[in-house]
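User: I am new to this structure and should be grateful for a close look at its open sheet. Please describe the sheet and then the parts that surround it.

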Amino acid sequence: MVEICWLGQGGFLIATPESRVVVDPYLSDCVFKKQQLARLHPFPVALDELKPDILLISHDHMDHLDPEGVPQIFEMYPSCRYLATARAYRHLAELGIPENLSTLFSPGDKFRYNDFIISRIPAFHSDPEACGFLIEAENKRIIITGDTVFDDALFVPELNNADLLLICINGKLGNMNDVEALEYVKRTRPAAALPMHIGLFAENSADPADFIAGCTKLGIKSAAMIPGKPFTL
């Protein structure tokens, strides 16, 4: 069994009975301090309940690599491992994450931890090192697109027929919109596709209704996730 909990924006907790992987957690309100974008809901999981074994960072933007939140995670979970793209990897070192806990995640890499296999997949964003993730566990395949515009180069064979696609649809600041996200779904045919990177900042959000309806017409399961409410795959 794989349990998934949306943490808001592009963040997720993916857990099996053996391990817990956290992706791009944005805990603080540092984006407001820098860009005056206020979060619309608090981080939905108590830090002492997060319990990550691995923390994945898709790119070096504050709502994905939280410069205030990562040190809090390190303080509470000093044995947590970190897997990050090049710019994010360097930023983690600046935040005090020890080198022995941090792994540089380069194009083509796979990372194995207990019952998880994590592969880097293409993304195209204003951080040129940005990536998405293919996460395999318990015979399930989960795609997290990360932040990315739509591009034909996104489509690699391992993306096809996943059990779950978690896809950005906000259509702003270097991300695909709901129409483009639906085209991604058409081309990769996951069993289920859930919209993300919405609902945290009023200025950088989108209504998921059309995307969900489009997936349903294609015979692909879709719904609006609720931050902090886990579901099983």
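Analyst: The account below begins with the sheet and then turns to a helix, two loops, the cores and a pocket.

In this predicted model, seven strands form an open sheet of mixed pairing, and their order is E6-E5-E4-E3-E2-E1-E13. The edges are held by strand E6 (102-104) and strand E13 (231-232); each has a single partner strand, so one side of each is left without a neighbour in the sheet. Within the sheet, strand E2 (residues 11-15) pairs with strand E3 (residues 20-23) in the antiparallel sense, over four bridges. As an example of this pairing, Leu13 has Val22 of E3 as its bridge partner.

Helix H4 (residues 86-94) has Ala86, Ala88, His91 and Leu92 buried. The buried residues of H4 pack against strand E4 (54-57), strand E5 (81-84) and E6, and also against helix H3 (69-76). After H4 comes Gly96, with a positive phi near 95 degrees.

Two loop residues deserve attention for their backbone angles. Gln9 lies in the loop between strand E1 (3-8) and E2. Gln9 is not a glycine, yet its phi is positive, at about 55 degrees. With a relative accessible area of 0%, Gln9 is buried. His197 is placed in the loop between strand E12 (193-196) and helix H6 (209-217). His197, also a residue other than glycine, has a positive phi near 60 degrees. His197 counts as buried, at 1% relative accessibility.

The nonpolar cores come next. The largest nonpolar core has 48 residues, of which Phe12, Ile118, Ile135 and Phe211 touch the most other members. A second, separate core of 22 residues includes Leu13, Phe43, Val70 and Cys80. To return to Phe211, its contacts beyond the neighbours within four places in sequence include Ile167, Ile169, Leu182 and Val185, and among them are also Asp178, Pro195 and Ser222.

There remains the matter of open space. Rolling a probe the size of a water molecule over the atoms shows where empty space is left. The largest pocket has a volume of about 230 Å³. It is lined by 14 residues, and those closest to its centre are Gln35, His61, Asp63, Leu173 and Asn204. By type, the lining of the largest pocket divides into seven polar, five nonpolar and two charged residues.

Definitions and conventions: Residues are numbered from 1 along each chain as its sequence is written. This is a predicted model: local features need pLDDT of at least 70, side-chain atom pairs count only at pLDDT 80 or more; totals for chains, interfaces and linings use all residues. Side-chain values use heavy atoms; hydrogens and water are left out. A nonpolar core is a set of buried Ala, Val, Leu, Ile, Met, Phe, Trp, Tyr and Cys residues joined through side-chain atoms within 4.5 Å. Buried means under 20% relative accessible area, exposed over 50%, partly exposed in between (1.4 Å probe, protein chains only). Contact means heavy atoms within 4.5 Å. On a 1 Å grid over the protein atoms alone, a cavity is a set of points where a 1.4 Å probe fits but cannot get out, and a pocket is an open set with protein on both sides within 12 Å along at least five of seven lines; lining residues have an atom within 4 Å of a point. Grid points are joined across faces, edges and corners, and a volume is the space filled by probe spheres set on the points. Ala, Val, Leu, Ile, Met, Phe, Trp, Tyr, Cys and Pro count as nonpolar, Asp, Glu, Lys and Arg as charged, and the others, Gly among them, as polar. Two strands pair if DSSP finds at least two bridges between them.
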